[in-house]
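Work through the exercises below with the sequence and the model at hand. Each task is followed by a worked solution.

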Amino acid sequence: RAAGRISEIRLNCLRFSPEEARSFLKSATDADPGDELSGVIERTEGWPVALRLLALRIRAEPDYRLSIEGMPAVPGELRAYLVNEVLDACSPDRQLALMRVSVLGRFCAGLCQAVLQDDGVEFVSWAKGADLFVIPLDEHQKWYRFHHFFQDVLRSRLEQSEDAGAIGEMHRRASEWFEQHG
């Protein structure tokens, strides 16, 4: 790394632009991805796997508009991948931390510390380093959010967990942190 002989390929490098996503869907489905796909393309955030699964669904559905309307927030194939390949690869403590942070629309180290009541700097550093669908929101890389699909899976898992009763408490801690930090 110090010698400049390493190239890192991260989520931002792999994501399709909206134009690339439309082009991909058009070539993969032989259908013109019109305006009705804008919301779906935006929701996938250019993630190629999500677009490929969407293309397969469109090809299987004679009227792809119906396929799009019936599409769940996180399609089953993506949910299974995110749970089995990503979330389940984390330790139970890390899974719980991820699920708790998922109540936040955006997060920084200080806010994570308030919600988790643990080292927020370490959590953010770990989540970024593990490439857990963490998207920076500013050029200083202070604020982040999870990819929409990953956040939806985390929230769903949290709501079904034994920790679901603490969701209100996590929101209260976050609210207090925001109040203290203007």
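**Exercise 1: two helices in contact**

H8 and H11 are oblique to each other in this predicted model. Show why H8 and H11 count as oblique, and list the residues that make the contact.

Solution.
1. The axes of H8 and H11 approach to within 8 Å, and their crossing angle is roughly 140 degrees.
2. Angles over 145 degrees count as roughly antiparallel and 65 to 115 as roughly perpendicular. The angle of roughly 140 degrees falls in neither range, so the pair is oblique.
3. The crossing of H8 and H11 is right-handed.
4. H8 contributes Gly110, Leu111, Ala114 and Val115 to the contact, and H11 contributes Met170, Arg173, Ala174, Trp177 and Phe178.
5. Sorted by type, the residues of this contact are seven nonpolar, one polar and one charged.

**Exercise 2: the nonpolar cores**

Find how many residues the largest nonpolar core has, and which elements supply at least two residues each.

Solution.
1. The largest nonpolar core holds 39 residues. Those with the most contacts inside this core are Leu98, Phe107, Phe123, Phe146 and Phe150.
2. At least two core residues come from each of H6 (76-86), H7 (92-101), H8 (109-116), H9 (120-129), S2 (144-146), H10 (148-159) and H11 (167-180).
3. H10 gives the largest share, five residues.
4. Take Leu98 as a case: leaving out residues up to four places away in sequence, Leu98 touches Leu87, Cys90, Phe123, Trp126, Leu132, Phe146, Phe150 and Leu154.
5. A second core of nine residues is separate, with Ala21, Ala28, Val40 and Leu54 among them.

Key
Residues numbered from 1 in each chain as written. Predicted model: local features only at pLDDT ≥ 70, side-chain atom pairs only at ≥ 80, totals over all residues. Heavy atoms only, no water. Core = buried A, V, L, I, M, F, W, Y, C linked by side-chain atoms within 4.5 Å. Buried < 20%, exposed > 50% of the residue type's maximum accessible area, 1.4 Å probe, protein only. Helix = DSSP H or I, 4+ residues; strand = E, 2+ residues; numbered from the N terminus. Contact = heavy atoms within 4.5 Å. Axes fitted to C-alpha atoms, helices over the stretch in contact; angles between N-to-C directions. Parallel < 35°, antiparallel > 145°, perpendicular 65-115°, else oblique. Left-handed = near helix turned anticlockwise from the far one by under 90°. Nonpolar A, V, L, I, M, F, W, Y, C, P; charged D, E, K, R; others polar.
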